[in-house]
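Me: I would like to go through an interface with you and ask, for each label, what justifies it.

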Amino acid sequence: MTNALIKAPKTAKRGETIEIKALIQHPMETGFRPGTNGRMIPRNIIEHFSAAWNGEEIFRMTFSPAIAANPFVSFFTVVRDSGTVVLRWTGDQDFRVEESIAIAVT
Amino acid sequence: MAGRRAFLAGAAMVTLLPFEAAQATPEALAEAIREVAGGAAVREGKVKLDVPPLIENGNTVPLTVSVDHPMTEEDFVKAIHVFNEKNPQPHVFSAALAPRNGRATIGTRIKLADTQKVVAVAETSKGEFWSASAVVIVTIAACIEDVN
């Protein structure tokens, strides 16, 4: 149903700063556009995006309708321990997607 | 003759004035920034807003904000906000950062409804505000096309 793509290095050195890129399939309907019947299409956006490394939050972002469809986000983080990064998107119409990736410290 | 010239000069003034006023920060944008800064002074500098000067499709505009500031426990970039001038809403996104991020850089893609100014504001843990702005020329605007 919903496709999310995450790009991050599989292995990293302790103390290294790595980039995590995330892309998710979503229309990001602004609520400012009229549909074929002339009425406004109701807003349907992702409002919140967050990332947690082994349960500790490392990044948080709030979107407005001005974020493009299929939201893409890239951010940096410092590697401390091997573990799982859980990315979570939540939004209108009970939208909720979680994806996780494993990063190993070498 | 003189009357026509005076009229032309007057017309030029009328067309120039609102244009200049629109180039300055429109109220909604200024208000949104004021809300984030909470009265603190927002200075230009430190922030680098990387966005193409001319974009064909306003539906996806790649944008990167990076802040030239340390990311240590004592002093770090706490938040990055992006605003625009002419979309229906001035707010684009807000991101919360911590020393754990190592580098205050965020990339995303945004929608722009028209040729306009985009402003990025960074908030440091010491309560300083830094900003950068860029003008993006949009040939095909977002949001205006009908859904068929």
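**The A–B interface**

Reply: In this predicted model, chain A and chain B bury about 2,700 Å² between them, with 52% of that area on carbon and sulfur atoms. A:R33, A:A66 and A:F76 supply 22% of the area that chain A buries against chain B, more than any other three residues.

Me: Why is the meeting of B:R100 and A:E56 called a salt bridge?

Reply: The side chains of B:R100 and A:E56 come to 3.1 Å, N to O, and the rule asks for a side-chain nitrogen of Lys or Arg within 4 Å of a carboxyl oxygen of Asp or Glu, so the pair of B:R100 and A:E56 qualifies as a salt bridge. The count between chain A and chain B is 1 salt bridge, while 17 residue pairs are found in polar contact across the interface, both residues being at pLDDT 80 or more.

Me: Which strands of chain A contribute to the side that touches chain B?

Reply: β3 (17–24), β5 (56–63) and β6 (72–78) of chain A each supply at least two residues of that side, whose residues divide into 20 nonpolar, 8 polar and 4 charged.

Me: What makes β6(A) and β7 of chain B a pair of strands?

Reply: Two strands pair if DSSP finds at least two bridges between them, and β6(A) and strand β7 (residues 105–110) of chain B have 2 bridges in the antiparallel sense, so the criterion is met. Within β7(B), B:G107 is the bridge partner of A:S74.

Definitions and conventions:
Residues numbered from 1 in each chain as written. Chains lettered and ligands numbered in written order. Predicted model: local features only at pLDDT ≥ 70, side-chain atom pairs only at ≥ 80, totals over all residues. Heavy atoms only, no water. Buried area = accessible area lost by both parts, 1.4 Å probe. Polar contact = N/O pair within 3.5 Å; in protein donor to acceptor, adjacent residues only side chain to side chain. Helix = DSSP H or I, 4+ residues; strand = E, 2+ residues; numbered from the N terminus. Nonpolar A, V, L, I, M, F, W, Y, C, P; charged D, E, K, R; others polar.
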